[in-house]
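Work through the exercises below with the structure in view. Try each task before reading its solution.

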Amino acid sequence: MKGKKREKTTLRGGLVAVVVFLLIAVLRTVFPQLSPEGTSSVTQIVDASGLEVHFIDVGQGDATLIKADGHAMLIDAGENDKGTAVQLYLQKQGVEQLDYLVLTHTDSDHIGGADVIVTKFDIGQIFMSDFKKDNKTYRELMDSMKYRHMTFSTPEVGAEYELGSATFTVIAPNDTYEDANNSSMALILDYGDSSFLFSGDCEEEAEQDMLANGLNLDVDVYQVGHHGSKSSSTEEFLDAMSPEYAVISCEEGNSYGHPHAKTLNNLRARGIRVFRTDEQGSIIAYSDGTKIKWNCSPSESWQAGDR
């Protein structure tokens, strides 16, 4: 009797082991192996409910997916030819609808793919800079919203919103500007003790206004403004944020020379560890509310685009 029971238990254990092995194999195709230096096992993600921030590689542009407790938001959607790629990336990550679509400003490398996202996904709210452009990209975005019977709004600075257990606070624009870049919406995302700052293409003028508005800018991760341009990421702004990590979204060999040497030097002088989509592809940060882990190690090249 005991022998038969032990045999049955062994068989059951073997079946469980096979199921677990197959599950892990499937999950490895969906989740990168996240750790402080990109070496931890996938089980660390599966066993924890937390925050995921995906800095999607869309070439010379921005698109950032944020997931928290079954909720999702997208910040920007890349160029006109990247809409379908962003759509497929979201679907691969199991995203079926978005709580928020945040379009920081109206340059095509930020809103170009948004018409596809608006058409293909149910979206709770669309937030966008109120700086208008009279061009085909902007009109296509407005047409897609009209088709889905949706409109956008521009939240006031200081407004807070929930995304599962995460919250994000709007910190810009603080004024009316004459250009799209400085008109960018900027926000800080908080999840437990982890915080991320996204500033679109804000340049020095808008950064100075953020410094003056009295909000706490201290964060762990900074998505580098304007793809690493020297017109952004001023020393005073970096000192106010004091981030441990920075992520630069740009295309290898881009015609703008991003990231600029001045920006990289400012980051390096402060010991900020840098990730780059031009070198590393899509970059994913995971936070359990205490620690932030990554799907790859920080870049060590410090190679400027305007060398």
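Three exercises follow, on a predicted model.

**Exercise 1.** Find the part of the model where pLDDT stays under 50, and decide how to treat it.

Solution. Begin with the whole protein: the average pLDDT is 88, and 84% of the residues score at least 70. Next, look for the low stretch: over residues 1–48, pLDDT stays under 50. The model has 44 contacts beyond four places in sequence for residues 1–48. Where pLDDT is low, the predicted coordinates should not be read in detail.

**Exercise 2.** Describe the surroundings of strand β4 (residues 97–103).

Solution. Take the β3 side to start with. Strand β3 (residues 71–75) pairs with β4 in the parallel sense, over three bridges. Ile75 has Val102 in β4 as its bridge partner. Helix α3 (residues 83–92) joins the picture here: β3, α3 and β4 form a right-handed β-α-β unit.

Then turn to strand β5 (residues 122–128), which runs parallel to β4 and is joined to it by six bridges. Tyr100 stands opposite Gln125 in β5.

Last, check burial. Buried means under 20% relative accessible area. Five of the seven residues of β4 are buried, so the strand is largely enclosed by the rest of the structure.

**Exercise 3.** Which residues of the largest nonpolar core touch the most other members?

Solution. The largest nonpolar core has 31 residues, and Phe196 and Trp294 touch the most other members. Now list contacts of Phe196, leaving out residues up to four places away in sequence: among them are Leu51, Phe55, Leu189, Val221 and Ile292. A second, separate core has 27 residues, including Ala63, Ile111, Ile126 and Met150.

How values were computed. Residues numbered from 1 in each chain as written. Predicted model: local features only at pLDDT ≥ 70, side-chain atom pairs only at ≥ 80, totals over all residues. Heavy atoms only, no water. Core = buried A, V, L, I, M, F, W, Y, C linked by side-chain atoms within 4.5 Å. Buried < 20%, exposed > 50% of the residue type's maximum accessible area, 1.4 Å probe, protein only. Contact = heavy atoms within 4.5 Å. Helix = DSSP H or I, 4+ residues; strand = E, 2+ residues; numbered from the N terminus. Pairing = 2+ DSSP bridges. Right-handed = clockwise from strand over helix to strand, strands pointing away. pLDDT = per-residue confidence, 0-100.
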